[in-house]
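Student: I've got a structure open and I'd like to learn how to read it. Can we go through it feature by feature?

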Amino acid sequence: MQYSLGTIIGAVVAVAAVATAGWPSLVEFGTYALTSVSGTLQELPEDQAMLLLMAAVAGFTVVLQTVTPFNLMAGAQFGLWKGTLVFTVGATAGTIACYFIGKTLVSGWARRQLEGSPTLRSIDRAVRTDGLKIIILARLSPLAPFAVLSYVLGATGVSLGEYTLGTFLGLLPGVLLYCWIGINAAEAANSGEDDASSSYLTLRFSVLASVVASGLAKRALDSATEEQTEKTSTD
């Protein structure tokens with residue numbers, strides 16, 4: 001089901017307000033991003049709209065710290081499965097560009113970030129022997145802003161293949177969740193007061209689940225990198 005531009009914008013503002021109280025810049029960004037892109041999507045056939053959103057996600061992944069509002073919009077516009085596919089492919093394409101930029105144009109800056117962070121240094125060592133697993137966990141973990149992490153990972157020893165597959169797989173759980181949140185937020189914005197209250201309560205629990213899952217992934221990442229560090233030191 002497709003929703004009107006006003007409904008989608010209202011939905012993402014509501015989600016941002018519920019999930020990120022005290023972060024008005026994220027709310028403003030979500031409103032701006034949806035206003036800029038949603039109107040065009042509404043006018044295009046679905047296949048063209050999917051390609052446009054995919055390209056927008058890829059482009060904004062390179063230049064912005066967060067593309068979460070586009071994730072919400074993908075769910076509200078295209079549903080759970082199509083929205084997940086569109087956003088994940090677009091975001092993965094954008095991170096590939098970040099990978100090469102991190103290896104070339106901003107390689108000096110990326111190396112400084114690695115050298116200045118014990119966590120990132122341990123990831124740099126770990127990806128050399130267990131790249132796919134480490135990249136998946138890094139994408140699931142709240143280590144750094146999305147684009148920043150992508151640039152820095154480009155300066156590590158991980159191969160492009162492991163980086164790409166790990167990014168795609170690591171993004172899927174979170175993308176599914178936020179597409180689902182986008183769908184429910186749009187429905188809440190388009191429903192009665194009682195239904196909306198129930199939906200917003202569900203959204204709060206969804207955000208909480210996302211935070212808990214990210215924390216668990218961070219612990220798993222720390223454990224994996226420590227294990228690789230110990231193996232390296234004993235070799």
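Tutor: Sure, let's begin with aromatic rings. Rings of Phe, Tyr and Trp pair if their centres lie within 6.5 Å; planes under 30 degrees apart count as stacked, over 60 as edge-to-face and the rest as tilted. Keep in mind that this is a predicted model.

Student: How many aromatic pairs does that rule give here?

Tutor: The count is three aromatic pairs. Take Tyr99 and Phe100: their ring centres are 5.4 Å apart and the planes sit at 90°, so this pair is edge-to-face.

Student: And what kind of pair do Tyr99 and Tyr163 make?

Tutor: A tilted one, because the planes are at 40°, with the centres 4.7 Å apart. Tyr99 belongs to helix H5 (residues 80-103) and Tyr163 to helix H9 (residues 160-189), so the pair ties together parts that are 64 residues apart in sequence. Tyr99, Phe100 and Tyr163 form one aromatic cluster.

Student: Which of these residues are buried, and which is partly exposed?

Tutor: Buried means under 20% relative accessible area. Tyr99 has 4% and Tyr163 has 0%, so both count as buried. Phe100, at 42%, is partly exposed.

Student: Next, cysteines. How many disulfides are there?

Tutor: The general idea is that a disulfide is a covalent bond between the sulfur atoms of two cysteines. To be counted, the sulfurs must be within 2.5 Å, and here the count is zero. As for burial, Cys98 is buried at 0% relative accessible area, and Cys179 is buried at 0% too.

Student: What about the nonpolar core? Which residues touch the most other members?

Tutor: In the largest nonpolar core, which has 18 residues, those are Leu53, Val57, Phe70 and Phe87. Two or more residues come from each of helix H3 (46-63), helix H4 (68-78), H5 and H9. H3 gives the largest share, five residues. Beyond its neighbours within four places in sequence, Phe87 contacts Val57, Val67, Phe70, Asn71, Ala74 and Val175. Apart from this core lies another, of 16 residues, including Tyr99, Ala110, Leu114 and Ile134.

Student: Last one: where is confidence lowest, and where is it highest?

Tutor: Where pLDDT is low, the predicted coordinates should not be read in detail. The lowest is helix H1 (residues 5-19), with a mean of 42, and the highest is H5, at 94. Residues 1-24 stay under 50 in pLDDT, although the model has 49 contacts beyond four places in sequence for them. The protein chain averages 76, and 63% of the residues score at least 70.

Key. Residues numbered from 1 in each chain as written. Predicted model: local features only at pLDDT ≥ 70, side-chain atom pairs only at ≥ 80, totals over all residues. Heavy atoms only, no water. Buried < 20%, exposed > 50% of the residue type's maximum accessible area, 1.4 Å probe, protein only. Phe/Tyr/Trp six-rings, centres within 6.5 Å; stacked < 30°, edge-to-face > 60°. Helix = DSSP H or I, 4+ residues; strand = E, 2+ residues; numbered from the N terminus. pLDDT = per-residue confidence, 0-100. Contact = heavy atoms within 4.5 Å. Core = buried A, V, L, I, M, F, W, Y, C linked by side-chain atoms within 4.5 Å.
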